[in-house]
Amino acid sequence: YHRHSGGGRTHTGHFLMARFSKELVLTPPALERKSFVTTTTGAEVTMRELSVAERLDALRRFKITDEADPTQGLRSVLALVVLSLCNEDGSAMFPDDEVEAGVEGLGSHSSPEVEELMVFCQEMQGLAPDSVEEAVGN
């Protein structure tokens, strides 16, 4: 959460009240969803912000077990992209049992196309630019 003068706003649009409460913790906020048109293919893409739990699950499923293997970092970033992709109604484009196939499929696309999706995903997830570069070994 980011605190600003005059009460502040979180990135999801919730106003901060006088006290952080149990109710606030137990009530999941509406996560952001955005669409953009890719410059590489002209296709419209919609991505959704992942919850902390979803990001942690992705990290567990696609964790880097061998620092010397540069493909593992890239696979973890591709997994975040695949998990972020959604349909217009906000539902996940790839159900849990299809995420691995989505990662493999995305890996077969051109570098500029995938890079554009990675940058948009990075922005949606609030990741620092260098975190993605570090994961993919650039």
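Six salt bridges are present in this structure, which is a predicted model. I shall take several of them in turn.

Consider R75 to begin with. Its side chain meets that of E104 in a salt bridge, with a distance of 2.7 Å from N to O. E104 belongs to helix α4 and R75 to helix α3, so this pair ties together parts that lie 29 residues apart in sequence. R75 also forms a salt bridge with E100, where the closest N and O atoms are 2.4 Å apart. Here again the link runs between helices: E100 is in helix α4, residues 99-107, and R75 is in helix α3, so parts 25 residues apart in sequence are tied together.

How exposed are these three residues? R75 has a relative accessibility of 25% and therefore counts as partly exposed. E100 is partly exposed as well, with a relative accessible area of 38%. For E104 the relative accessible area is 48%, and this residue too is partly exposed. The cut-off matters for E104, because a residue counts as exposed only over 50%.

A further salt bridge joins E32 and K34, with the closest N and O atoms 3.4 Å apart. E32 is partly exposed at a relative accessible area of 26%, and K34 is likewise partly exposed at 40% relative accessibility.

Let me now turn to the overall arrangement. The protein chain contains six helices and two strands. Read from the N terminus, the order of the elements is α-β-β-α-α-α-α-α. The chain has 138 residues, of which 30% count as buried. Its accessible surface amounts to about 9,100 Å², and carbon and sulfur atoms hold 54% of that area. As to the contacts with a separation of 6 or more, 56% of them are between residues 24 or more positions apart.

Next, the packing of two helices. In general, a packed pair of helices is described by the angle between the axes and by the distance between them. At what angle do helix α3 and helix α5 pack? The angle is about 70°, and the axes are 9 Å apart; helix α3 covers residues 70-84 and helix α5 covers residues 111-125. The two helices are therefore roughly perpendicular to each other. On the side of α3, the contact is made by L74, V77, L78, L80, V81 and S84; on the side of α5, by V114, L117, M118, C121 and Q125.

One residue of that contact deserves separate attention, namely S84 in helix α3. Is S84 buried or exposed? With a relative accessibility of 0%, S84 counts as buried. Setting aside neighbours within four places in sequence, S84 is in contact with T46, M47, R48, L50, C121 and Q125. Of these partners, C121 and Q125 take part in the contact on the side of α5, while R48 is found in strand β2, residues 44-48.

R48 leads us from the helices to the strand. This arginine is buried, its relative accessible area being 16%; the threshold for that class is under 20%. Which residues does R48 touch beyond its neighbours within four places in sequence? The contacts of R48 are E32, R33, E54, L83, S84, C86, G90, A92, M124 and Q125. E32, in that list, is also the salt-bridge partner of K34. Q125 appears among the contacts of S84 as well.

I move now to residues at the surface. A30 lies in the loop between α1 and β1, the latter comprising residues 33-37. With a relative accessible area of 59%, A30 is exposed. Although A30 and E49 are 19 residues apart along the chain, their C-alpha atoms are separated by 9.3 Å.

Finally, the nonpolar surface. Which residues make the nonpolar surface patch? The patch, of about 400 Å², is made by F20, L24, V25 and L26. L26 is placed in helix α1, residues 22-26, and counts as exposed, since its relative accessibility is 60%.

To draw the points together: R75 of helix α3 bridges to both E100 and E104, S84 of that helix counts as buried at 0% relative accessibility, and helices α3 and α5 pack at about 70°. At the surface, L26 contributes to the nonpolar patch. Thank you for your attention.

Definitions and conventions. Residues are numbered from 1 along each chain as its sequence is written. This is a predicted model: local features need pLDDT of at least 70, side-chain atom pairs count only at pLDDT 80 or more; totals for chains, interfaces and linings use all residues. Side-chain values use heavy atoms; hydrogens and water are left out. Patches are made of residues with over 30% relative accessible area and no salt bridge: like charges are joined within 9 Å, nonpolar side chains (Val, Leu, Ile, Met, Phe, Trp, Tyr) within 5 Å. Accessible areas come from the Shrake-Rupley method with a 1.4 Å probe; for residues, only the protein chains shown count as cover. A salt bridge is a side-chain nitrogen of Lys or Arg within 4 Å of a carboxyl oxygen of Asp or Glu. Helices (H or I, at least four residues) and strands (E, at least two) are DSSP runs, numbered from the N terminus. Buried means under 20% relative accessible area, exposed over 50%, partly exposed in between (1.4 Å probe, protein chains only). Axes are lines fitted to C-alpha atoms, for helices over the stretch in contact, and angles run from 0 to 180 degrees between N-to-C directions. Angles under 35 degrees count as roughly parallel, over 145 as roughly antiparallel, 65 to 115 as roughly perpendicular and the rest as oblique. Contact means heavy atoms within 4.5 Å.
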